[in-house]
Amino acid sequence: MDNKDNDALKLQNQLCFPLYAASREVTKLYRPYLDDINLTYTQYITMMVLWECRECSVKTLGERLYLDSGTLTPVVKSLEAKGFVRRCRSREDERVLLVRLTGEGEALKKRAAVVPEKISACVRLTPDEALTLYNLLYKLLESME
């Protein structure tokens with residue numbers, strides 16, 4: 001194995017590692033704020049989509065959140081058990097499972113509204129740096145579709 005092969009396998013030379021580590025660290029920052037509103041991070045991002053559209057299919061949720069149905073189904077079921085959403089079949093196509101925000105789920109939005117600001121205060125990036133990172137990450141995601 002030559003030096004080039006060794007360099008390719010160094011952790012410090014991997015794009016995937018800082019993405020992975022940063023994702024884990026940022027998600028950890030959310031934990032105390034989400035505990036206050038009885039949500040996990042995955043439940044929180046699911047609710048964010050529903051706060052936008054009030055109702056959507058499980059398929060659409062999965063596409064928006066980059067989650068497969070095996071991951072998303074237990075998340076939606078737990079949100080339903082908490083009273084934040086309701087699942088029902090589409091009237092137009094019974095194969096389509098819809099997720100609807102409940103009144104309790106809508107009320108939770110007010111309590112969650114402080115979370116982005118609190119997280120922003122913990123992440124030491126200027127607004128311009130945050131926007132650049134945001135755009136680069138979405139460019140990366142789009143390049144993988």
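In the predicted model, Y30 has a relative accessibility of 13% and therefore counts as buried, since the limit for this class is under 20%. Y44 also falls in the buried class, because its relative accessibility is 2%.

Aromatic pairs number five in the structure. In one of them, the ring centres of F17 and Y20 lie 6.4 Å apart with the planes at 45 degrees, so this pair is tilted. F17 and Y20 are three residues apart in helix α2 and are therefore separated by about one helical turn. F17 is partly exposed, because its relative accessibility is 35%. A further pair is formed by Y30 and Y44, whose ring centres are 5.7 Å apart; the planes are at 45 degrees, so this pair is tilted. The pairing of Y30 and Y44 links distant parts of the chain, as Y30 lies in helix α2 and Y44 in helix α3, which spans residues 41-53. These two tyrosines are 14 residues apart. Y30 and Y44 also belong to a cluster with Y41, linked through ring pairs.

On the surface, a nonpolar patch is formed by L15, L19, L125, L133 and L137. Together, these leucines have about 410 Å² of accessible area. One member of the patch, L15, is located in the loop between α1 (3-8) and α2 (16-36). L15 has a relative accessible area of 57% and is therefore exposed, the threshold for that class being over 50%.

How values were computed
Residues numbered from 1 in each chain as written. Predicted model: local features only at pLDDT ≥ 70, side-chain atom pairs only at ≥ 80, totals over all residues. Heavy atoms only, no water. Patch = residues over 30% accessible without salt bridge, like charges linked within 9 Å, V, L, I, M, F, W, Y side chains within 5 Å. Areas by Shrake-Rupley, 256 points an atom, 1.4 Å probe, with all protein chains shown as cover. Salt bridge = Lys/Arg side-chain N within 4 Å of Asp/Glu carboxyl O. Helix = DSSP H or I, 4+ residues; strand = E, 2+ residues; numbered from the N terminus. Buried < 20%, exposed > 50% of the residue type's maximum accessible area, 1.4 Å probe, protein only. Phe/Tyr/Trp six-rings, centres within 6.5 Å; stacked < 30°, edge-to-face > 60°.
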